[in-house]
Amino acid sequence: MKGGAEQMLFKYILIGDTEVGKSSIMLQFTEQNFLTNHDMTIGVEFDSRSIDLGGGVTAKLEIWDTAGQESYLSITRSYYRGTDGCFLVYDITRRESFEHLPRWLNEAKQNSANPNLVLMLIGNKADLEGQRQVSKAEAQAFADSNNMLYAEFSAKNAGDVEQAFRESARRVSDVVRKNPRKPSSSVKL
């Protein structure tokens with residue numbers, strides 16, 4: 001790139017039912033760590049990490065992990081604004097967390113105010129294959145029908161957590177380049 005490296009800033013939000021592993025996904029990506037006993041998120045938690053997207057482009061991902069309880073929805077809705085990427089997370093061993101995805105998808109679309117929001121469906125807890133209640137084919141069909149990226153992994157075993165963030169960040173980068181936005185989204189270094 002002329003003028004040096006390009007630093008992009010993307011805001012992400014992790015949404016889904018309580019105890020599907022949103023906090024574990026964020027912790028695994030930002031700190032390469034997994035806590036067996038993680039306190040339930042109250043409101044929102046925040047972390048960030050920069051990644052190299054190649055071609056002289058670095059993306060800093062600001063990640064907002066939201067509480068999955070209904071009682072926190074009015075608080076967490078304000079964190080959707082300005083979001084570039086959204087991970088809709090369900091637990092492959094809890095069918096009801098998958099069945100609630102249409103509601104979460106609606107929340108994201110209504111509250112992000114971004115017509116180009118990059119959505120990624122995440123099936124977490126793949127290390128518990130023997131307890132699976134949602135097939136990969138069913139999840140892929142949901143993702144396809146809603147124009148979403150799809151990944152399944154275990155935040156506990158690290159799995160493809162890194163790859164999911166990289167894939168979605170590349171998509172966000174492509175979207176931002178095709179649909180320019182406020183100047184602060186990309187800064188030349």
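This briefing describes aromatic ring pairs, charges placed over rings, and the surroundings of one glycine. The structure is a predicted model, and the count of aromatic pairs in it comes to seven. Two of these pairs are set out below, followed by a cluster of rings, two arginines that lie over rings, and the contacts of G123.

**The pair F87 and F165**

- The ring centres of F87 and F165 are 4.6 Å apart and their planes stand at 40 degrees, so this pair is classed as tilted, given that planes under 30 degrees apart would count as stacked and those over 60 as edge-to-face.
- Because F87 belongs to strand β4 (residues 85-91) and F165 to helix α6 (residues 161-178), the pair ties together parts of the chain that are 78 residues apart in sequence.
- F87 has a relative accessibility of 0% and therefore counts as buried, and F165, also at 0% relative accessibility, counts as buried.

**The pair F98 and F142**

- F98 and F142 form an edge-to-face aromatic pair, with 5.8 Å from centre to centre and 65 degrees between the planes.
- This pair links distant parts of the chain, since F98 is located in helix α3 (residues 95-99) while F142 is located in helix α5 (residues 136-145), and the two are 44 residues apart.
- The relative accessibility of F98 is 8%, so F98 counts as buried, and F142 at 15% counts as buried as well, because the cut-off for that class is under 20%.

**A ring cluster and charges over rings**

- Y12, F29, F87 and F165 are joined by ring pairs into a cluster, which includes both members of the tilted pair described above.
- One ring of this cluster, F29, has R49 lying over its face, at 4.5 Å from the ring centre.
- Elsewhere, R103 has its charged end over the ring of W104, at 4.6 Å from the centre of that ring.

**The surroundings of G123**

- G123 is part of strand β5, which spans residues 118-124, and with a relative accessibility of 0% G123 counts as buried.
- Although G123 and I92 are 31 residues apart along the chain, their C-alpha atoms are separated by 5.7 Å.
- When residues up to four places away in sequence are not counted, G123 touches Y90, I92, Y150, A151, E152 and F153.

Note on methods
Residues numbered from 1 in each chain as written. Predicted model: local features only at pLDDT ≥ 70, side-chain atom pairs only at ≥ 80, totals over all residues. Heavy atoms only, no water. Phe/Tyr/Trp six-rings, centres within 6.5 Å; stacked < 30°, edge-to-face > 60°. Helix = DSSP H or I, 4+ residues; strand = E, 2+ residues; numbered from the N terminus. Buried < 20%, exposed > 50% of the residue type's maximum accessible area, 1.4 Å probe, protein only. Lys NZ or Arg CZ within 6 Å of the ring centre and 35° of its normal. Contact = heavy atoms within 4.5 Å.
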